[in-house]
2 protein chains.
Amino acid sequence: MDSIPTRSLHAISSSCDRCSLSSLCLPLAVGTGDMSLLNAAVKRETPYDRGSAVFTQDATFESCYVVKSGAVKTVRISERGDEKILGFYLPGEMFGLDGLTGERYTSSAIALERSAVCEIPFHRLEELSRELPHLQHYLFRLMSQEISGAEQLGMLLSNNTAEERIISMFLTLSSRQARRKLSATRFRLPMARGEIANFLGLALETVSRVLSRMQKQQQIRLDGRDIELLDLDALQRQLRQNPDFCVATG
Amino acid sequence: MDSIPTRSLHAISSSCDRCSLSSLCLPLAVGTGDMSLLNAAVKRETPYDRGSAVFTQDATFESCYVVKSGAVKTVRISERGDEKILGFYLPGEMFGLDGLTGERYTSSAIALERSAVCEIPFHRLEELSRELPHLQHYLFRLMSQEISGAEQLGMLLSNNTAEERIISMFLTLSSRQARRKLSATRFRLPMARGEIANFLGLALETVSRVLSRMQKQQQIRLDGRDIELLDLDALQRQLRQNPDFCVATG
DNA sequence: CGTGGACTTGATCAGCGTCAACCCTCGTGG
DNA sequence: CCACGAGGGTTGACGCTGATCAAGTCCACG
């Protein structure tokens, strides 16, 4: 349906203080007085087409990035050669922070659709951090969040059924929508079924089957990649409740 | 057999520059001139008994920690109430870095055996970081490593068989032994079978079975928690090689 | 109109979780 | 000194969830 309006692409060359994402992004951590410092550090590039790489695994680490519009996935190629999706990043979210180890990116970042990103050279961020304590603290927090997030994924992948994993992913996407002041119940999935499957450690067919079942059970409404979560609370309850307890009443 | 000698407990009150782990730990990032600054920030406490908590989930975040002797696991309680082990930490390794988000620890840290740890109040680390650029960079790297590590666990849990997970875990432990200049092929597992299982997203029985099989196939020698890896290269090859390729020659 | 990519649906099969029995070791107390 | 129980570990039988293989549908696109 409505694709990304080309108009938004022009906005790329704007400054941080005029950016619509400023309430989600680094400006949060910087007082208005210091905004020009931050602004000077940010490089704004031409948008990336679907499938093109913002950075690639094993390239020397230079910058971290923030999604400005569109969506990005990070993938790592394992020793066996197969590709594993580690995360999806939506507007206002920073990625590339895992690259610092060993001075090389440990994953590739690929645009899921035509996407604009802001690039921030990390050494500039480090310098700024020394001058702006709030920024330093914010960066530590961001990285800490990435750790928690990756751990959360690990938990999801270890002892959860296919349905639980998918619900959990949808709820995460939902709350990230809400964070951007968008609908928490209706949105468009930026990734293909196969990418959902890969991310959740499932087979593509399993994802498809679970989605069909959830649709039949009136938990969601699906139309291609457009999704509607029909009862957020019910979904949340389903994650919380120990399946063992279901039998007791029956 | 030989438990931790009580002698080592006295060494706790020593300073960073005299610590045997200084080549693995924060002193790495600090010049000898600034060592006293770091040293003043570190609190050294009485050791923790097996099963006792260094910090607990949801407590307010204050400090990060380094294992001085013994071993520590971090665990998170899920919404469903079950416990998931997120990582094991050996001497020289820092933990508690995931706590920064939201000002609360997102996991608990439990001693696997009688363990000594160094505590470093995080706000002190932040202050020091501003004065010592190397330390700041080192901290960013450490956190970045934690992200990579957690992602690596995620990869392991998504598309790998029980045997691959276990081999991978042993190889990781092996290389961490080597980092400490200890034997890469013979060591003692600080965790129980059930803890290995939990960490790897398997059932306890599956771990036990795989270990027995590996022992029969002369890949490892086991005696309780003492383990010997009989052919590191072979184990590594087993992870790398795509199982599909094995059939081709048969 | 044909082709390829994304997705769905069905049938089959195996890896691993679950349940259960059993063993060993160690610490406690009679 | 031995009996006992608890905790940790091993092994076996069985069934289920989800992977795999395969066929088929529905677009969007040239």
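Trainee: What makes the pair formed by the side chain of A:S208 and a phosphate oxygen of DNA strand C a polar contact?

Mentor: In this predicted model, an N or O atom in the side chain of A:S208 is 2.8 Å from a phosphate oxygen of DNA strand C. The cut-off for a pair of N or O atoms is 3.5 Å, so the pair qualifies as a polar contact. The side chain of A:R225 also qualifies, with an N or O atom 3.3 Å from a phosphate oxygen of that strand.

Trainee: Which part of DNA strand C does B:E205 address?

Mentor: A base nitrogen lies 3.1 Å from a polar side-chain atom of B:E205. Sugar and phosphate, for their part, account for 56% of the strand's atoms that come within 4 Å of the protein.

Trainee: Which helix gives the most to the surface near DNA strand C?

Mentor: That is α7(A), with five residues. Both α7 (204-216) of chain A and α7 (204-216) of chain B supply at least two residues each.

Trainee: How do you know that the length of α7(B) agrees with its residue count?

Mentor: At 1.5 Å a residue, its 13 residues should span 18 Å; the end C-alpha atoms are 19 Å apart, which agrees.

Trainee: Why are the buried residues of α7(B) said to line one face?

Mentor: The buried residues are B:V207, B:V210, B:L211 and B:M214. Seen down the helix axis, they fall within an arc of 100°, so they line one face. An α-helix has 3.6 residues a turn, so residues three or four places apart point the same way. The face of α7(B) turned away from the buried side carries the exposed residues B:R209 and B:K216.

Definitions and conventions:
Residues are numbered from 1 along each chain as its sequence is written. Chains are lettered from A and ligands numbered from 1 in the order in which they are written. This is a predicted model: local features need pLDDT of at least 70, side-chain atom pairs count only at pLDDT 80 or more; totals for chains, interfaces and linings use all residues. Side-chain values use heavy atoms; hydrogens and water are left out. A residue is near a molecule or strand if one of its heavy atoms lies within 4 Å of it. A polar contact is a pair of N or O atoms within 3.5 Å; within protein, one must be able to donate a hydrogen and the other to accept it, and residues adjacent in sequence count only if both atoms are side-chain atoms. Helices (H or I, at least four residues) and strands (E, at least two) are DSSP runs, numbered from the N terminus. The expected span of a helix is 1.5 Å times one less than its number of residues. Buried means under 20% relative accessible area, exposed over 50%, partly exposed in between (1.4 Å probe, protein chains only). The arc is that of the directions from the helix axis to the C-beta atoms.
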